[in-house]
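Reader: I am new to this structure, and I would like to understand how each descriptive word is justified. Could you take me through it term by term?

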Amino acid sequence: MKKKIYISLIIVLALVMIISGVLLARELLQSSKENEQFEDIANLVMLETDPDESYYVPVRDTSKPAPSEESGSPSEESGEEISQEPAEPEIIHKRNLQPLFERNSDSVGWIYVHNSAINYPVMHTPRQPQKYLHRDIDGEYSFSGVPFLQWNCTIESDNLLIYAHNMKNGTMFADVKNYRDRSFYEEHRYIEFETAEGVTFYEVFAVVRFTNNDDWYDFINARNQESYDKMIKYIKRKALYEIDFTPTYDQQLITLSTCYGGDDADRIVVIGAAIN
């Protein structure tokens, strides 16, 4: 009797191992397929210029001091050197997004953080908010999905909210969680978002952890400067660490959001402000 039980346990364990192996192999195959697809798309939209050799970030125009946290007046304690000449950015690194738009009309642009895994097309489907949560760029099932712009945003919104998964294999927005470390921020402080209108660089000014019902997700367009400044102060107070840069009312914002933590509602976001 004991021998039969022993044999049954061995069979069950063997079956569990086989099934686990098959599922793991399927996951690895799917992940490899998705990575190859994104690499193909990245190669499709890139111009001949090598981004590693020609990557250029415009210098933030500091001719106008940022408002202080308390009064909204120019800060004299930031220690930031104020330039007498406004920045004259010359964009070197550009893509040809037309093939992307032709392939899928839901595409609105390309999100990129230099020397990171964040290098993907961005989709936008106002009538189907989470269409690309688990679909690839061709509309087929994909666990990784494709980064997408929040349904009630437009590319002219004051705050561009872009979502993607935090994948265990390090793809999609997995690097967003690495901004917890200030050293990672120091080396990846610029976010690039390119649309049919051109390339915009955003400088990161806040890294925040909160839940998916935070007020920040409702901040799409500011009613006026007062409401804009109020939300900037709000988000900087919640930041994981202080960054000596406070956006002004004329700067568009970008928010990269992904899951992080033990609860399904936990999120980590990186927020930048346009500098060109």
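**From values to words**

Author: Let us begin with Asp61, which lies in the loop between α2 (51–54) and α3 (98–103); helices (H or I, at least four residues) and strands (E, at least two) are DSSP runs, numbered from the N terminus. The model is a predicted one, in which local features need pLDDT of at least 70 and side-chain atom pairs count only at pLDDT 80 or more, while totals for chains, interfaces and linings use all residues. Residues are numbered from 1 along each chain as its sequence is written, and side-chain values use heavy atoms, with hydrogens and water left out.

Reader: Why is Asp61 called partly exposed?

Author: Buried means under 20% relative accessible area, exposed over 50%, and partly exposed in between, with a 1.4 Å probe and protein chains only. Asp61 has a relative accessibility of 35%, and therefore counts as partly exposed. Its C-alpha atom is 7.0 Å from that of Ile275, although the two residues are 214 residues apart along the chain.

Reader: What makes strand β7 largely enclosed by the rest of the structure?

Author: Strand β7 covers residues 253–259, and 6 of its 7 residues are buried, so the description follows from that count.

Reader: Which strands are joined to β7 by bridges, and how many bridges are there in each case?

Author: Two strands pair if DSSP finds at least two bridges between them. Strand β4 (residues 159–163) runs parallel to β7 and is joined to it by 5 bridges, with Thr255 in β7 as the bridge partner of Leu161. Strand β8 (residues 266–274) runs antiparallel to β7, with 7 bridges between them, and here Leu256 stands opposite Val270 in β8. β7 and β8 form a hairpin with 6 residues between them, and Gly261 in the turn has a positive phi of about 120°.

Reader: How do you know that the span of helix α5 agrees with what is expected?

Author: The expected span of a helix is 1.5 Å times one less than its number of residues. Helix α5 (residues 225–238) has 14 residues and should therefore span 20 Å, and its end C-alpha atoms are indeed 20 Å apart. Its buried residues, among them Tyr228, Met231 and Ile235, pack against β6 (198–211), β7 and β8.

Reader: How many aromatic pairs are there, and why is the one between Phe38 and Tyr120 called edge-to-face?

Author: A search of the whole structure finds 10 aromatic pairs. Rings of Phe, Tyr and Trp (its six-membered ring) pair if their centres lie within 6.5 Å, and planes under 30 degrees apart count as stacked, over 60 as edge-to-face and the rest as tilted. The centres of the Phe38 and Tyr120 rings are 4.8 Å apart and their planes stand at 80°, so this pair is edge-to-face. Because Phe38 lies in helix α1 (residues 2–45) and Tyr120 in strand β2 (residues 119–123), the pair ties together parts that are 82 residues apart in sequence. Phe38, with a relative accessible area of 7%, is buried, and Tyr120 is buried at 6% relative accessibility.

Reader: What makes the pair of Phe148 and Tyr163 stacked?

Author: The rings of Phe148 and Tyr163 are 5.6 Å apart centre to centre, with 25° between the planes, and the pair is stacked. Phe148 is in strand β3 (residues 148–149) and Tyr163 in strand β4, 15 residues apart. Phe148 is buried, with a relative accessible area of 8%, and Tyr163 is also buried, with 19%. Ring pairs link Phe148, Tyr163, Phe210 and Tyr217 into a cluster.

Methods:
Contact = heavy atoms within 4.5 Å.
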